[in-house]
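Hi,

Here is the structure I promised to pass on. Have a look at it first, and then read my notes underneath.

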Amino acid sequence: MMMDARLRRLVFLLLLAAAAPLATAQLSQDFYKTSCPDAEKIIFGVVEKRFKADPGTAAGLLRLVFHDCFANGCDASILIDPMSNQASEKEAGPNISVKGYDVIEEIKTELEKKCPGVVSCADIVSVSARDSVKLTGGPEYSVPLGRRDSLVSNREDADNLPGPDIAVPKLIDEFSKQGFNLEEMVAMLGGGHSIGICRCFFIETDAAPIDPGYKKKISDACDGKDSGSVDMDSTSPNTFDGSYFGLVLEKKMPLTIDRLMGMDSKTEPVVQAMADKKTDFVPIFAKAMEKLSNLKVITGKDGEIRKVCSEFNNPQNSSSSSSVIRTSSVNADEVAGLSSSSSRKVGPPDAVETPAMVADEAAAKVPGGVVVSVGGDQQQPPNPEADRPGLKLRGSREPVNPAAPVEPGPGGEDAAKQQAVAALEEKKKRNMAKLRAAQAKM
């Protein structure tokens, strides 16, 4: 009996010890109440200042949180700069034109002055997105704090974010995998695409039905300029509202996916319902953003609190067995200069700028207004009207040289796959080089 009592006590103590980290690992509204009580005030102050100087700041920060959280959780992994021959999420095709890095770094600098080593970059990203929504007239939603920053940033984790011409069923599947239902998906797109701009480089008017008058308007605004842009929401570009849904049904949105949303049998009824009552989507959007900001967060003693958001506190070289970022599959010269705060030149020195840039591997639109994503793995349907005169603002696609045929036999199938992968990688390199050249010109 005495032994049984001791055993039970031992088991109880072990369970108690195991549960303790779980209690401290939870996010909470007052996480910085004593360690940095002015944290949220400082974040809002910087975001508000930058928003007043440039209303587009809000769309950039909203898109930034989506790209960070949707790829591998809300861990600030998107903020890491690539190092020499090592890749990071920032290098991925969907993230090449993401904006807001400089805003996050300014916030971090101010917080380090007030309470060094306390507030994580992951918390800054989530809170700044919430504040951006508020500043544009959107809902206030809850963002509990206590996230920690990742020790890993892999380009591959961000290479397949939903693109601007993704099929609606595939888009539904991608959001479902992250825990979002159909209404939440539509509401997030509606809120995210109601502010910000869309670059002409990523607009393809022939990919889905479009209002003729709106098509001419886009044509006049872009006029062959890949670096030009149009407002995502032509009626209220800097205000968070429900006008998106009516524009979708009228086929007056620049991105293919938005126009497709108003035609698909599953999404069209939801879009119509939200267009009929434009305020009904607001609480759904707020709930979805709360869920987004809590995706796969790092808490407790895991991860770290970075001193500088674009760098790990103790980065390890790729030759180490405990490498924190994988070796890049892109030429080392193409990796440098991706941070907006960096003084390094963006893009390889031999990159050629051309009006007919290809966006297959670096085109996207996700919540937040501006665009970019990888579409290289998606098979493009044949387009019998490809040579028809008309507006095609995203540029004509470059053909991929097919891999040489492989004779049947042992290992033949694997060799064919390897050649196909090599061809795709080569195409990705070309497209990313062109996109970076365009970024350098802007």
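Below is what turned up, starting with the annotated site and moving on to charged pairs and one helix.

Keep in mind that this is a predicted model.

The annotated site first. An unreviewed UniProt entry lists Asp68, Gly73, Asp75, Ser77 and Glu89 under "binding site". They are spread over 22 residues of sequence, yet they cluster in space, with a largest C-alpha distance of 12.1 Å.

I looked at two of these in more detail. Glycine 73 sits in the loop between helix H3 (56-72) and helix H4 (101-114). Its relative accessible area is 0%, so glycine 73 is buried. Setting aside neighbours within four places in sequence, glycine 73 touches Asp68, Leu295 and Lys296, and Asp68 is itself on the UniProt list.

Glutamate 89 is also found in the loop between H3 and H4. With a relative accessibility of 0%, glutamate 89 counts as buried. Again leaving out neighbours within four places in sequence, glutamate 89 has contacts that include His67, Ser77, Asn95, Arg155 and Asp157.

Now the charged pairs. How many salt bridges does a search of the whole structure find? The count is 21. Three that I picked out:

- Aspartate 81 pairs with lysine 90 at 2.6 Å, N to O, and both residues are buried.
- Glutamate 112 pairs with lysine 108 at 3.0 Å, N to O. These two are about one helical turn apart, because they are four residues from each other in helix H4. Both are buried.
- Aspartate 159 pairs with arginine 155 at 3.2 Å, N to O. Aspartate 159 has a relative accessible area of 8%, under the 20% cut-off, so it is buried. Arginine 155 is buried as well, at 3% relative accessibility.

There is also a network: Lys49, Arg50, Asp102 and Glu106 are joined into one by salt bridges that share partners.

Last, helix H5. This helix covers residues 121-135, and at 1.5 Å a residue its 15 residues should span 21 Å; the end C-alpha atoms are 21 Å apart, so the expected and modelled spans agree. H5 is mostly covered, with 13 of its 15 residues buried. What follows H5? Glycine 137 does, and its phi is positive, near 95°.

If you want a place to start in the viewer, try glycine 73 and its contacts Leu295 and Lys296, then go over to glutamate 89 and its contact Ser77.

Cheers

How values were computed: Residues are numbered from 1 along each chain as its sequence is written. This is a predicted model: local features need pLDDT of at least 70, side-chain atom pairs count only at pLDDT 80 or more; totals for chains, interfaces and linings use all residues. Side-chain values use heavy atoms; hydrogens and water are left out. The expected span of a helix is 1.5 Å times one less than its number of residues. Buried means under 20% relative accessible area, exposed over 50%, partly exposed in between (1.4 Å probe, protein chains only). UniProt positions are given in the numbering used here, feature names are shortened, and annotations may be inferred rather than shown by experiment. Contact means heavy atoms within 4.5 Å. A salt bridge is a side-chain nitrogen of Lys or Arg within 4 Å of a carboxyl oxygen of Asp or Glu.
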